[in-house]
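Me: Please take one part of the fold and go through it closely. I would like its partners, its packing and its neighbours in one connected account.

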Amino acid sequence: MDARFFLALSLCFFFFLFFFPHVSHSRARISDVIPKKQTVGSLIRMKRGPSSATFDPSRVSQLSWSPRAFIYKNFLSEEECDHLINLAKDKLEVSMVADNDSGKSIKSEVRTSSGMFLSKAQDEVVSNIESKIAAWTFLPIENGEAMQILHYENGQKYEPHFDYFHDKANQELGGHRVATVLMYLSNVEKGGETVFPHAQVKTVEAKDEVLSDCAKNGYSVKPFKGDALLFFSLLPNATTDPNSLHGSCPVIEGEKWSATKWIHVRSFEDSIRQGTSGECKDANANCFTWAKAGECEKNPVYMVGSEDLPGFCRKSCKVCSS
């Protein structure tokens with residue numbers, strides 16, 4: 001019985017190879033399309049064309065499954081952190097929040113930090129960081145917004161909020177934000193933790209004097225220079241995750257610098273391109289204020305853009321007519 005079964009299986013195998021010899025060639029063609037993955041020690045290297053990015057899984061720890069949250073120790077080098085801070089220092093504006101009804105950016109006591117947006121691939125350092133984020137998250141670079149640099153001084157905070165949208169206007173730009181990568185660019189002497197009030201975590205973190213009172217109101221992550229926090233605002237079934245509620249605790253001693261990369265379900269770049277194609281309009285409610293402050297000349301890639309990828313503030317920069 002076993003011999004007959006083996007003979008039948010062998011005949012089927014040779015029959016398949018004889019009549020479908022192209023299968024092995026098809027696999028070769030498919031492998032040319034899929035990004036190549038190489039392992040070097042504990043590193044995973046994702047190759048995409050001439051450039052490549054690496055991430056080290058041994059530095060990543062799971063913090064929570066609800067929400068899905070992970071910490072990557074030393075994601076950025078000291079030099080990368082300092083470079084991002086230097087790019088932002090003289091361009092900071094009062095931080096805004098998205099209005100739940102209109103989707104427009106408005107000032108609010110909920111968020112008291114200052115910040116600014118870099119241009120995507122603004123320089124080699126920024127481009128490499130964006131590639132590292134894509135390699136770690138397995139989410140395309142084009143799905144990400146421009147990186148935002150934030151600065152919190154003593155007493156400044158961001159009350160608990162969601163990164164996914166409640167308004168339809170913002171959802172039209174690449175859909176919901178599916179994931180957030182929060183990179184800590186400085187150490188904070190006290191306070192400034194990222195807190196998840198509704199996180200369902202089985203492992204209990206140590207609650208000691210190092211954490212601020214705010215941080216003890218949920219699962220918290222203390223900022224350390226170079227570390228990166230990844231969390232998902234959507235569940236695996238693509239519905240919003242209420243446990244992704246998070247906030248930035250007030251800085252009590254020192255100051256806090258961070259960089260945020262929001263990543264959407266679909267291409268954010270294509271949405272901006274389609275939204276501005278043939279129309280003269282701004283894609284951000286702050287464009288008029290930024291243009292008056294001279295950002296059209298200081299930050300032309302983001303504000304004005306190019307023929308291939310229009311900027312966010314073409315109307316306020318007066319490079320088109322309505």
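Reply: Two strands count as paired if DSSP finds at least two bridges between them. That criterion underlies what follows. The model is predicted.

The part I have picked is strand S16, residues 228-232. First, its setting. The protein chain holds nine helices and 19 strands. Of its 322 residues, 46% are buried. Take the contacts in the chain with a separation of 6 or more: 73% of them are between residues 24 or more positions apart.

S16 belongs to an open sheet of eight strands. The order is S4-S5-S16-S12-S19-S10-S9-S6, and the pairing is antiparallel. Strand S4 (60-65) and strand S6 (93-94) are the edge strands. Each has a single partner strand, so one side of each lacks a neighbour in the sheet. S16 sits between S5 and S12 in that order.

Now the strand itself. Five of the five residues of S16 are buried, so "mostly covered" is the fair description. In a regular strand, side chains alternate between the two faces of the sheet. Here Ala228, Leu230 and Phe232 point one way from S16. Leu229 and Phe231 point the other way. Both groups are buried.

Next, the S12 side. S12 covers residues 177-184. Five bridges join S12 to S16, and the two run antiparallel. Three pairs show the register. Met183 has Ala228 as its bridge partner in S16. Val181 is bridged to Leu230. Ala179 stands opposite Phe232. Those S16 partners, Ala228, Leu230 and Phe232, are the residues that point one way from the strand.

S12 is also mostly covered, with eight of its eight residues buried. S12 has a second partner, strand S19 (residues 256-264). They pair in the antiparallel sense over seven bridges. Ala179 turns up again here, opposite Ile263 in S19. Ala179 therefore has a residue opposite it in S16 and another in S19.

Turn to the S5 side. S5 and S16 pair in the antiparallel sense over four bridges. Ala69 stands opposite Phe231 of S16. Phe70 also lies in S5, which spans residues 68-72. Its relative accessible area is 16%; the cut-off for buried is under 20%, so Phe70 counts as buried.

Phe70 makes a good probe of this neighbourhood. Phe70 and Leu229 are 159 residues apart in sequence. In space their C-alpha atoms are 5.9 Å apart. Leave out residues up to four places away in sequence, and Phe70 still touches several residues of the S16 stretch: Ala228, Leu229, Leu230 and Phe232. Its other contacts include Val60, Ser61, Gln62, Leu63 and Trp65, and those numbers fall within edge strand S4 (60-65). Trp136 is on the contact list of Phe70 too.

That last contact leads to the helices, since Trp136 falls in the numbering of helix H4 (residues 124-137). H4 lies across S4, S5, S12, S16 and S19. H4 runs at about 125 degrees to S12. So S16 and both of its partner strands are among the strands that H4 lies across.

Helix H3 (residues 78-88) comes next. H3 lies across strand S9 (114-117), strand S10 (148-152), S12 and S19. Its angle to S19 is about 90 degrees. S12 and S19 are thus crossed by H3 and also by H4.

How do H3 and H4 meet each other? Their axes come within 10 Å and cross at roughly 120 degrees. That makes H3 oblique to H4. The crossing is left-handed. H3 contributes Glu80, His83, Leu84 and Leu87 to the contact. H4 contributes Val125, Val126, Ile129 and Lys132. By type, the contact residues are five nonpolar, one polar and two charged.

For contrast, look away from S16. Four other strands form an open sheet in the order S11-S17-S14-S15, with antiparallel pairing. Strand S11 (158-161) and strand S15 (219-221) are at its edges. Each has a single partner strand, so one side of each is left without a neighbour in the sheet. Neighbouring strands there are turned by 15 degrees against each other on average, direction ignored. Inside that sheet, two bridges join strand S14 (residues 194-196) to strand S17 (residues 246-248), running antiparallel. Thr194 stands opposite Ser248 in S17.

Key
Residues are numbered from 1 along each chain as its sequence is written. This is a predicted model: local features need pLDDT of at least 70, side-chain atom pairs count only at pLDDT 80 or more; totals for chains, interfaces and linings use all residues. Side-chain values use heavy atoms; hydrogens and water are left out. Axes are lines fitted to C-alpha atoms, for helices over the stretch in contact, and angles run from 0 to 180 degrees between N-to-C directions. Angles under 35 degrees count as roughly parallel, over 145 as roughly antiparallel, 65 to 115 as roughly perpendicular and the rest as oblique. A crossing is left-handed if the near helix is turned anticlockwise from the far one by less than a right angle, and right-handed if clockwise. Contact means heavy atoms within 4.5 Å. Ala, Val, Leu, Ile, Met, Phe, Trp, Tyr, Cys and Pro count as nonpolar, Asp, Glu, Lys and Arg as charged, and the others, Gly among them, as polar. Buried means under 20% relative accessible area, exposed over 50%, partly exposed in between (1.4 Å probe, protein chains only).
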